[in-house]
Structures are given as structure tokens and as C-alpha cells.
Amino acid sequence: MTDNKLMVLPDVQSSADRRNIPIRRVGVKGIRTPILVKSQSGAQHTVADVEMYVSLPADKKGTHMSRFWTLLSGINKPFAPQMMVEVMQEMLASLKSDGGYIRLAFPFFMEKSAPVSHLQSTMDYDVVLTAECADGKITVTQEVIAPVTSLCPCSKEISRYGAHNQRSHITIDALCSEALPFEELIRYSEKNGSCELWSLLKREDEKFVTEYAYDHAKFVEDIIRDVATDLNKDARIVSYELQVENFESIHNHSAYALITHDRRTSAV
């Protein structure tokens with residue numbers, strides 16, 4: 001005879017643990033899922049690599065891993081900094097934790113017009129949204145990685161023919177008092193390289209790009225200071241970590257620079 005009564009299964013994760021060792025982060029990593037992201041032109045479809053963790057008290061044996069997936073699969077609104085706060089609050093409530101960490105890394109796309117031909121093409125940028133809850137406070141940071149061209153001032157000065165140039169990555173990881181569109185952070189990077197990049201160029205565009213970079217030669221130190229100057233002027237940016245890496249074309253190593261700034265503790 002079939003027993004129609006629901007079987008009550010033990011909740012092992014919620015049982016007590018006697019080792020008395022708290023865990024700072026426990027959860028899921030390596031999730032890849034389609035998401036919506038907020039952009040200046042509306043909601044954008046992309047794919048994110050996701051990490052979601054909570055802190056576990058010393059007396060709890062484990063967390064409920066399936067609840068991370070349940071929460072993530074139920075989100076149908078575009079991700080943005082405020083959305084990250086809401087997801088964090090829901091995650092902590094669902095898993096009965098007072099600390100958590102969420103990281104979404106995804107490609108972000110912008111339509112760009114070539115400088116001379118005005119040919120339209122799509123550029124992709126690596127973007128990361130991170131939310132962390134500690135001591136009852138949730139902070140959200142926005143990170144963008146923008147590729148640019150850098151041309152060496154020294155090479156230009158000493159060479160009879162041209163100057164060596166290379167692709168560079170400018171990384172801005174910012175804590176903001178209000179949400180900044182990803183496009184604005186990307187523009188802070190692109191405008192301060194020797195020249196910005198496009199996915200599609202005609203010959204007249206290539207001529208422009210080559211000559212523009214030559215006329216705007218910059219060391220890695222110049223690029224990072226120019227970007228930092230713009231970031232320091234933006235009152236919405238509370239703090240940032242700024243990195244520039246030049247993938248040198250005449251060396252088998254990179255040139256690198258780092259600036260950190262917090263307007264709460266530093267005079268601008």
C-alpha cells in the first residue's frame with residue numbers, strides 16, 4: 001500500500017556543529033547564467049559568471065546551497081548597483097546569515113561610431129559588480145576594464161621613424177555614492193589613453209587612429225594620472241582602485257601603475 005503521507009526528511013545543514021569554527025564565506029562558485037544588465041540605452045542581455053556566499057556561524061553545520069540558485073533564477077530585473085543591494089538582502093534573509101558576498105562578472109557592450117567613416121560597430125568590455133555585507137553594512141563596487149592604445153613618448157622622441165605602441169588595459173574599481181552608468185566609467189578610461197579602440201575601422205579611420213595616438217603619446221604614468229584626475233573631480237565616486245597595464249610591444253613584460261584614492265580620508 002502506498003503511503004500518501006509526506007516524508008519528513010532531516011535538515012542536516014541546519015544541525016549543530018561542535019567544532020566551533022566560523023566560516024567567512026560558503027556558497028556557490030562557477031555559475032554561468034544569462035542576465036539582464038542596466039545600460040543607458042535600456043536593459044542589455046549578457047552572460048555572467050556568478051559567485052554567491054554567506055558567512056556561517058561556528059555552531060551551524062552548513063548552508064543550503066540550492067537556495068542560491070533559487071534566488072538567482074528568480075531574478076528578472078536588470079542588474080545595477082541598487083539591484084545588487086536588494087539581492088544581497090534577499091540572500092541573507094533566505095539563508096539566515098548576517099554576512100555575504102556576491103560577484104557578477106560579465107561582458108558589457110557599447111555601440112561605437114568610427115572616428116572618420118562613422119561606421120557602427122559593437123565594443124565589448126569586462127565589467128564586474130560586487131556586493132559585500134559586513135557588520136550590517138552593504139557596499140557595492142563597480143569595476144570596468146577598458147582597452148586603449150598607448151604610445152611611448154620616449155620612443156617617439158628618440159626614433160626617426162614612428163614610435164612603439166601597444167594595447168593597454170585600464171581598470172577602474174569604484175565605490176560610488178550613487179549608481180554610475182558603466183558607460184561613464186568606460187569613457188573616463190577611453191578618453192585618457194593615447195587613443196581609444198574600435199571594433200571596425202576603414203582605412204581613413206586607421207589613418208586617424210595612428211596619427212591621433214602619435215600626437216597623444218603617453219607613458220603608463222601619464223595615463224593613470226589623467227584618469228585619476230577625472231575620477232577625483234566626480235563627486236559621486238567615493239573611493240577607487242585604478243590600474244593601468246601596458247602590454248609592451250618591444251618587451252616581454254608589461255608596464256604597470258596603480259593608484260588608490262578615498263575621498264573620505266584624503267583631500268582632493
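Author: Let's start from the outside: the accessible surface of this protein comes to about 15400 Å², and 51% of that belongs to carbon and sulfur atoms. Keep in mind that this is a predicted model.

Reader: OK, and what share of the 268 residues is buried?

Author: Buried residues make up 44% of them. As for the overall form, the C-alpha trace spans about 90 × 45 × 35 Å along its principal axes. The radius of gyration is 23 Å, where a compact globule of 268 residues would have one near 18 Å. The secondary structure comes to six helices and nine strands.

Reader: Now the rings. How many aromatic pairs does the structure hold?

Author: In general, you describe a pair of aromatic rings by the distance of the centres and the angle of the planes. Here there are four aromatic pairs. Take Phe 108 and Phe 182: their centres are 5.2 Å apart and the planes sit at 65°, so this pair is edge-to-face.

Reader: Which parts does that pair tie together?

Author: Phe 108 lies in strand E3 (residues 100-113) and Phe 182 in helix H4 (residues 182-190), so the pair links parts 74 residues apart in sequence. Phe 106 joins Phe 108 and Phe 182 in one aromatic cluster.

Reader: Are Phe 108 and Phe 182 buried or exposed?

Author: Buried counts as under 20% relative accessible area. Phe 108 is at 0% and Phe 182 at 3%, so both are buried.

Reader: And where does the charged end of Lys 112 sit?

Author: Over the ring of Trp 198, 4.8 Å from its centre. Likewise, the charged end of Lys 156 sits over the ring of Tyr 214, 4.6 Å from its centre.

Note on methods. Residues numbered from 1 in each chain as written. Predicted model: local features only at pLDDT ≥ 70, side-chain atom pairs only at ≥ 80, totals over all residues. Heavy atoms only, no water. Phe/Tyr/Trp six-rings, centres within 6.5 Å; stacked < 30°, edge-to-face > 60°. Helix = DSSP H or I, 4+ residues; strand = E, 2+ residues; numbered from the N terminus. Buried < 20%, exposed > 50% of the residue type's maximum accessible area, 1.4 Å probe, protein only. Lys NZ or Arg CZ within 6 Å of the ring centre and 35° of its normal. Rg over C-alpha atoms; globule rule 2.2 N^0.38 Å. Areas by Shrake-Rupley, 256 points an atom, 1.4 Å probe, with all protein chains shown as cover.
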